Amino acid sequence: MTINKQELVESLAAFAQHNVDQRLLETRADNSGATLDWLEEKVLKPNGAHLRAEADAMVTNKAYQAFPTENDPTFDGQSFTSYGDWFLEYQEKHGVDLRFETILVNLIKEAGRVTGALVKDLVKDEYCQITAKKGVILTTGGYSANVDLLKERNPLSLKKNVYTPRSNGAGITSALNVVAIRDEEPAETIFDRGLVPVGKKTEDMYYQTATYDPLALDRFIPIP
């Protein structure tokens with residue numbers, strides 16, 4: 001399937017009412033194909049699977065155009081299969097240091113650039129400093145589990161979203177501590193699958209739990 005890159009980028013930008021950095025959309029459009037090629041060649045095909053491209057929406061109209069950007073791993077071109085274990089095996093085989101149940105404490109900045117991170121192993125209750133060989137890539141969620149940050153930066157979200165136990169804002173806070181720039185307008189991606197009992201009041205929707213439960217079935221990610 002062929003995708004017109006400019007049409008895709010313009011569609012994504014227009015969907016967000018052009019309240020986006022279109023350079024980031026261009027970067028994604030230019031490089032996502034190579035990333036998927038790598039995944040298919042290195043991880044899926046050695047295990048007998050491949051990617052199946054399909055439209056990212058079942059219903060389209062003048063306001064929303066679908067593109068074949070939905071890439072699902074499959075054995076037979078029809079069903080879906082998971083590749084998480086294969087991906088982990090590939091990383092371990094190639095010497096990638098994977099650390100789970102480890103949280104970011106803060107980023108380390110030296111001579112004007114981020115050179116590593118201080119993390120904490122939750123199982124061992126130990127701190128560890130990681131020094132980057134080339135650079136640091138920060139991939140983080142929002143602060144949907146941090147009430148103080150929500151009150152400060154996006155108080156309306158406390159009135160209209162259910163809570164889920166993730167995204168405490170450590171990544172965003174750490175970035176701001178090393179002089180990252182915060183967008184003055186908070187934004188949130190809302191997944192409309194929160195299960196709320198009939199009769200519940202709006203102010204009772206956001207409450208914290210250790211794990212997911214019927215009042216917190218899905219998540220929202222406010223991003224400053």
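This report looks at a helix, a hairpin and one buried threonine in a predicted model.

## Helix α3

Helix α3 spans residues 84-93. Its buried residues are Trp86, Tyr90 and Gln91. These three lie on the same side of α3, because the arc they cover around the axis is only 135°. An α-helix has 3.6 residues a turn, so residues three or four places apart point the same way.

What do the buried residues of α3 pack against? Their partner is α2, residues 22-44. The other side of α3 holds Asp85 and Glu92, which are exposed. After the helix comes glycine 95. The phi of glycine 95 is positive, near 75°.

## The β3-β4 hairpin

Strand β3 covers residues 102-110, and strand β4 covers residues 113-121. The two strands pair in the antiparallel sense. Eight bridges join them. One of the bridge pairs links threonine 102 to aspartate 121 in β4.

Together β3 and β4 make a hairpin, with two residues between the strands. Alanine 111 sits in this turn. Alanine 111 has a positive phi of about 55°.

## Threonine 74

Threonine 74 belongs to strand β2, residues 70-74. Is threonine 74 buried or exposed? Threonine 74 is buried, because its relative accessible area is 0%, and the cut-off for buried is under 20%.

The side chain of threonine 74 reaches the backbone nitrogen of glycine 77 at 3.0 Å. Threonine 74 also has contacts beyond its neighbours within four places in sequence. These are with Ala49, His50, Arg52, Ser79 and Thr81.

Definitions and conventions
Residues numbered from 1 in each chain as written. Predicted model: local features only at pLDDT ≥ 70, side-chain atom pairs only at ≥ 80, totals over all residues. Heavy atoms only, no water. Buried < 20%, exposed > 50% of the residue type's maximum accessible area, 1.4 Å probe, protein only. Helix = DSSP H or I, 4+ residues; strand = E, 2+ residues; numbered from the N terminus. Arc of directions from axis to C-beta. Contact = heavy atoms within 4.5 Å. Pairing = 2+ DSSP bridges. Polar contact = N/O pair within 3.5 Å; in protein donor to acceptor, adjacent residues only side chain to side chain.
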